[in-house]
Each structure stands twice: as structure tokens, then as C-alpha cells.
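Please take a moment with the sequence and the model before reading on. The paragraphs below move from single side chains to the chain as a whole.

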Amino acid sequence: LNTISCIAYIANNYFFLGSGQKYAVCSLDENNKKFQEVSRVTIPDELIDQLKRSGCGDPISQGIYYAKNKLYKVYSHKDSSNRILRNDIAVYALPGTSPKFNGKVSLSAIYACDRVEKELFEIESISSPDNGSTFYMATNQMENSTTQKDCIYKIKLG
């Protein structure tokens with residue numbers, strides 16, 4: 001991978017490192033302090049097309065989380081005024097066997113999280129302390145022109 005914008009822990013010394021539509025499964029060599037790619041998964045264009053929103057630009061790739069053979073990926077959408085008020089959490093089923101997933105993912109679910117009444121509502125990441133039973137999302141948001149803040153929300157998917 002040329003760039004890495006997000007990371008998610010899989011198990012033992014395995015992690016997803018990725019950006020955009022490509023995610024390398026890497027093992028961490030703690031002695032050499034390096035990641036070694038062992039396999040790779042991709043998100044096909046046709047799945048990204050399913051995330052597109054009317055009146056918005058292409059989905060903006062945000063954070064990832066891994067649990068139970070699924071990759072959770074956050075996307076934000078800029079409207080025609082260049083504001084982010086709409087977001088999706090896509091759940092992808094992973095091909096292959098953990099931890100060395102390999103191939104194209106398939107789309108399991110899309111969860112919309114929109115706050116059009118705000119000036120800014122951008123989901124940046126998602127995580128879970130209990131392997132996917134309870135989720136938390138981190139947001140960057142603005143209620144009025146003077147108050148921009150980061151918030152964490154407990155959410156339920158499904």
C-alpha cells in the first residue's frame with residue numbers, strides 16, 4: 001500500500017492497515033518493529049457506488065473496525081454546500097479465513113447516521129470494547145458557527 005489512513009486490530013499480531021478501498025492484512029514483527037503484509041482485501045467499486053448519496057460527492061473514507069469476520073467502515077458525505085451532515089457505517093463480510101483474509105469483500109449492511117440540523121456532523125471512527133456487541137463512534141461536529149467539538153456516542157447497530 002502506498003498510503004495508510006486507518007488501522008484495526010484483528011487478532012494476535014495481525015492488523016488491517018488500509019486506505020480508500022484497499023486493506024492489507026499485516027503481521028507485526030515486534031522484534032524488527034515492522035508490519036509484513038500477508039494478504040489483502042479490496043472493496044469493489046460497485047459497493048462504493050451503493051454508498052453514494054443524492055446531492056453529495058463521492059463517499060469520504062474514514063475509520064475502520066474489525067470484529068467477528070466483518071470490517072466496519074465509516075464514510076462521510078459532503079453536500080453541495082461542502083458540508084458533512086450525512087454519514088454511513090458500512091459492514092463488509094470478509095473473504096477467506098481469519099486472520100489471513102484475501103479477496104473482495106461483500107456488503108452485509110449499511111447504517112445511515114445523518115444530522116442535517118447541525119452545521120457539521122462527521123463520523124470519523126468506530127470501535128467496540130466487547131468485540132462488536134456495543135459500539136462507540138467518534139464525531140467532529142458543530143452546532144453553531146462558534147462551537148466545534150469532538151464527541152463520542154454509544155450506538156447500536158442492527
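A charge is said to sit over a ring if NZ of Lys or CZ of Arg is within 6 Å of the ring centre and within 35 degrees of the ring normal. In this predicted model, Arg115 meets that description, lying over the face of Phe121 at 5.4 Å from the ring centre. A lysine takes up such a place as well, since the charged end of Lys73 sits over the ring of Tyr75, 5.6 Å from its centre.

Rings also meet one another here, and the structure holds nine aromatic pairs. One of them joins Tyr9 and Phe15, whose ring centres are 5.4 Å apart and whose planes stand at 70°, and because an angle over 60 degrees counts as edge-to-face, the pair is given that name. The two partners are covered to differing degrees: Tyr9, at 45% relative accessibility, counts as partly exposed, whereas Phe15, at 16%, falls under the 20% limit and therefore counts as buried. Tyr9 and Phe15 also belong, together with Phe35, to one aromatic cluster.

Another pair is made by Tyr65 and Tyr72, with 6.0 Å from centre to centre and 50° between the planes, and this arrangement is classed as tilted. As for their surroundings, Tyr65 is buried, with a relative accessible area of 11%, and Tyr72 likewise counts as buried, at 11% relative accessibility.

How many helices and strands does the chain have? There are one helix and twelve strands, and if one reads along the sequence, they follow the pattern β-β-β-β-α-β-β-β-β-β-β-β-β. The radius of gyration of the chain is 16 Å, which is close to the 15 Å that the globule rule gives for 158 residues, so the chain is as compact as a globular protein of that length. Taken along the principal axes, the box that the C-alpha atoms fill is roughly 50 × 30 × 30 Å.

The remaining values describe how the chain is covered and how its parts touch. Of its 158 residues, 44% count as buried, while the area that the chain exposes is about 8,500 Å², with carbon and sulfur atoms supplying 44% of that surface. Among the contacts in the chain with a separation of 6 or more, 41% are accounted for by residues that are 24 or more positions apart.

Methods
Residues are numbered from 1 along each chain as its sequence is written. This is a predicted model: local features need pLDDT of at least 70, side-chain atom pairs count only at pLDDT 80 or more; totals for chains, interfaces and linings use all residues. Side-chain values use heavy atoms; hydrogens and water are left out. Rings of Phe, Tyr and Trp (its six-membered ring) pair if their centres lie within 6.5 Å; planes under 30 degrees apart count as stacked, over 60 as edge-to-face and the rest as tilted. Buried means under 20% relative accessible area, exposed over 50%, partly exposed in between (1.4 Å probe, protein chains only). Helices (H or I, at least four residues) and strands (E, at least two) are DSSP runs, numbered from the N terminus. The radius of gyration is taken over C-alpha atoms; the globule rule is 2.2 Å times the number of residues to the power 0.38. Contact means heavy atoms within 4.5 Å. Accessible areas come from the Shrake-Rupley method with a 1.4 Å probe; for residues, only the protein chains shown count as cover.
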